[in-house]
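Colleague: I'd like to go through the labels on this one and hear what stands behind each. Can you take me through them?

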Amino acid sequence: MMARLCLVTACKAACLARKPVSQHAGAALMGLRQLCNQAADLSDGNRIVSQAVSPAVEATPQQSSEQLLRHQPAAGAAVGSVQREMLKRLDAQQHGQDEAQLKLLKQTGYWIKDQTLLLMHHSRGQHFEKALRQYYADMLAMCARSESCVNHIHLNAIMGGLAKAWAAAEVRRAIQNHQQAVDDLHRFTAKLLETLQSVCKALSTREASGLLLSLSKLSIDPGLMLPGLVDAIAQQLMANMYLANGQDLANVMAAHSMLQLTPCYEDLMRAVSTQLATADLSTVGPFYMAKLSYSLATTPSAAPSSKALDALCGRFGVLLRSHQHNELPSAQSIAITMWALSRLKYAPSDELAMSMVGRMAALCHTPKQQPLPQDISNVLLACAELSIPVKQTDIDSLVHLLLSKPLHQVGEQHYTNTAWSLAVLGCLHNQVLDKMVDQLSVPSPGQANTSMPSPLKDTGLGQLYQALDWLQPPSSAPALQHEAWSSLQGKLHRLGSRPAPTKRFLSGNGKLCSALKQLELTFTGRVSLQSYWVDAVLESQGNKAQPIILTLSNPNYIRNSLGRSTGRAVFRAHLLAKQGRLVDVPQEMASNAITVEQLADYLEPILTYGRGHWQAGRQDMLLLHWGFKQSMHISELLNTGKMA
């Protein structure tokens with residue numbers, strides 16, 4: 001420890017005195033770098049990537065979120081990468097600089113690197129806060145005493161290293177007095193930026209995006225800093241957006257939560273999205289591609305164009321075909337990207353999607369790179385939402401790995417999401433759902449004194465019941481099939497009763513019911529079927545006739561495939577059609593532009609046709625496509641001026 005302190009003291013003295021570091025001090029710096037590089041190696045548990053998990057049921061009160069603590073480069077390596085980038089950029093400034101000044105700049109860069117690595121080392125133990133205060137004092141002293149050897153590249157390295165050390169310490173719970181540490185952090189950041197205010201004006205695109213990302217990771221409130229500083233940096237970024245590459249764009253998007261407080265936020269997000277369509281993505285790795293896609297999906301103001309998403313998918317396809325191991329996407333990078341695309345309702349090409357799932361399936365057999373349960377759940381959920389074809393062998397690999405783990409390693413939501421997704425994809429089997437229900441029925445380790453499992457949330461139960469509905473055999477199936485299904489139904493019922501749907505009714509339900517009354521039809525309004533609310537059910541006439549189910553719905557299409565419904569919409573129609581004959585009435589038919597009389601006139605031939613043909617015993621599903629035909633009919637009415 002004494003040797004390390006002596007080395008640090010030598011480094012400080014050399015830099016603060018504005019004198020070139022001696023050969024002896026240079027050797028000391030090298031020894032310290034090697035020591036800190038070894039000490040700063042962090043485990044997988046300290047690699048942080050935030051990712052939301054989208055529940056699969058139609059009516060979701062809230063979306064939950066989780067933090068996945070892996071797949072980001074190890075903190076020591078990450079800090080080293082930041083500092084290597086800093087030194088490269090200092091070399092690039094050699095033109096126009098005298099040799100002594102350049103040497104001083106590089107010495108400052110080496111000193112910052114060593115101090116950051118030493119701080120990273122302390123994030124592992126109990127003295128992180130003391131080391132943090134020393135780091136603040138040293139950096140501010142350096143900036144105050146030697147302004148000529150500190151520039152915008154150094155500023156970015158200081159904040160970037162601090163953000164990574166802070167994140168590592170939070171994961172390891174090395175911060176004891178958290179509020180005091182936050183207050184100290186804010187004071188240091190404000191003082192540093194105030195001292196280097198002139199330096200901020202020279203930030204390049206890379207350094208500006210990196211600084212914004214670091215401030216965002218540290219949860220710095222821009223209002224606590226110099227007025228207008230963050231907005232000025234954002235304005236610089238927009239002015240030089242044409243120079244931004246994929247990593248710069250990913251950094252800006254990841255900082256969106258902080259940037260929301262700036263006046264130019266929406267303009268900046270649109271500029272990023274526009275640049276993405278034409279930016280050079282050839283040097284962007286899978287981690288930053290995943291981060292970029294996630295940020296696009298969780299930032300409404302970005303509104304990425306299809307061209308931008310085409311570019312993103314194109315780069316991901318190149319990475320999947322790479323022969324360099326470090327360019328091949330990890331399971332988490334694939335899961336985040338596919339989840340983001342599903343949230344954006346953008347379907348990648350079937351070839352790319354199947355390659356992504358195939359890569360995930362292959363990683364199931366690679367012990368150190370196996371996907372987490374959340375990765376598997378999110379990939380299958382994306383495939384279901386986007387109606388992506390998946391090879392059965394790939395599904396088998398993913399599901400086998402998921403089912404091989406105990407409940408406390410998987411989590412209830414990932415089981416229920418997976419069951420629902422497999423049902424939507426048409427790949428669910430009784431044995432798989434039975435195994436999942438058995439796993440969910442086992443009490444968690446914290447419930448050792450009880451024989452009852454923890455109750456599932458309504459969201460998860462709704463998913464399982466919809467999966468069970470999909471498995472329900474037809475009446476003509478063998479008795480053994482019905483017995484197996486009934487047994488599974490009993491197991492699921494012991495987990496909890498079927499929850500009531502929570503979907504809000506679309507406006508216009510009253511008008512639809514009024515139109516049915518005008519047609520003198522017997523019906524029941526607002527009925528719960530298969531975990532969905534439907535707007536009306538017409539009573540069947542005759543022993544063999546099935547009821548007619550009417551729903552008001554808005555189009556739910558995949559954005560880059562005209563007329564292609566999402567998997568969620570198709571699955572809903574499929575389950576409802578098992579209960580009767582489905583008539584999907586477009587929401588615009590119940591709008592203010594349509595009178596009750598016009599809606600009744602519109603429905604009469606459809607329902608008459610349906611009732612007549614169904615009672616005659618026809619089993620066709622023509623009415624599943626009435627939504628498209630009705631839209632055509634609406635356009636005709638508008639064109640002929642028959643609407644009110």
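Colleague: What makes β5 and β6 a pair, and which way do they run?

Modeller: Two strands pair if DSSP finds at least two bridges between them. Here 6 bridges join β5 to β6, and the two run parallel, so they count as a pair. One of the matches is Leu552, whose bridge partner in β6 is Val585. Bear in mind that this is a predicted model: local features need pLDDT of at least 70, side-chain atom pairs count only at pLDDT 80 or more, and totals for chains, interfaces and linings use all residues. Residues are numbered from 1 along each chain as its sequence is written, and side-chain values use heavy atoms, with hydrogens and water left out.

Colleague: And how do you know where a strand or helix begins and ends?

Modeller: They're DSSP runs, numbered from the N terminus: H or I over at least four residues for helices, E over at least two for strands.

Colleague: Why is the pairing of the whole sheet called mixed?

Modeller: The open sheet has 4 strands in the order β3-β4-β5-β6, with mixed pairing. β3 (residues 523-529) and β4 run antiparallel, with 6 bridges, and β4 and β5 (residues 548-553) are antiparallel too, with 3 bridges. β5 with β6 is parallel. Among the partners, Thr524 is matched with Val537 in β4, and Ala536 stands opposite Leu550 in β5.

Colleague: What makes β3 and β6 edge strands?

Modeller: β3 and β6 (581-586) each have a single partner strand, so one side of each is left without a neighbour in the sheet. Neighbouring strands are turned by 35° against each other on average, direction ignored.

Colleague: What packs on that sheet?

Modeller: Helix α26 (residues 567-577) does, touching β3, β4, β5 and β6, and its direction makes about 45° with that of β4. Contact means heavy atoms within 4.5 Å.

Colleague: Why is β4 called mostly covered?

Modeller: In β4 (residues 532-538), 6 of the 7 residues are buried, meaning under 20% relative accessible area, where exposed is over 50% and partly exposed lies in between (1.4 Å probe, protein chains only).

Colleague: Which residue in the hairpin of β3 and β4 has a positive phi?

Modeller: Gln530, near 50°, in a hairpin with 2 residues between the strands.

Colleague: Now the helices. How do you know that α19 and α22 are roughly parallel?

Modeller: The axes of α19 (residues 392-403) and α22 (residues 430-440) come within 11 Å and cross at roughly 20°. Axes are lines fitted to C-alpha atoms, for helices over the stretch in contact, with angles from 0 to 180 degrees between N-to-C directions. Angles under 35 degrees count as roughly parallel, over 145 as roughly antiparallel, 65 to 115 as roughly perpendicular and the rest as oblique. So α19 and α22 are roughly parallel. The contact is made by Val399, Leu402 and Leu403 of α19 and Val432, Lys435, Met436 and Gln439 of α22.

Colleague: And what makes α22 and α23 roughly antiparallel?

Modeller: The axes of α22 and α23 (residues 458-471) come within 11 Å too, but cross at roughly 155°; that makes α22 roughly antiparallel to α23. The contact is made by Asn430, Leu433 and Leu440 of α22 and Leu464, Ala467, Leu468 and Leu471 of α23.
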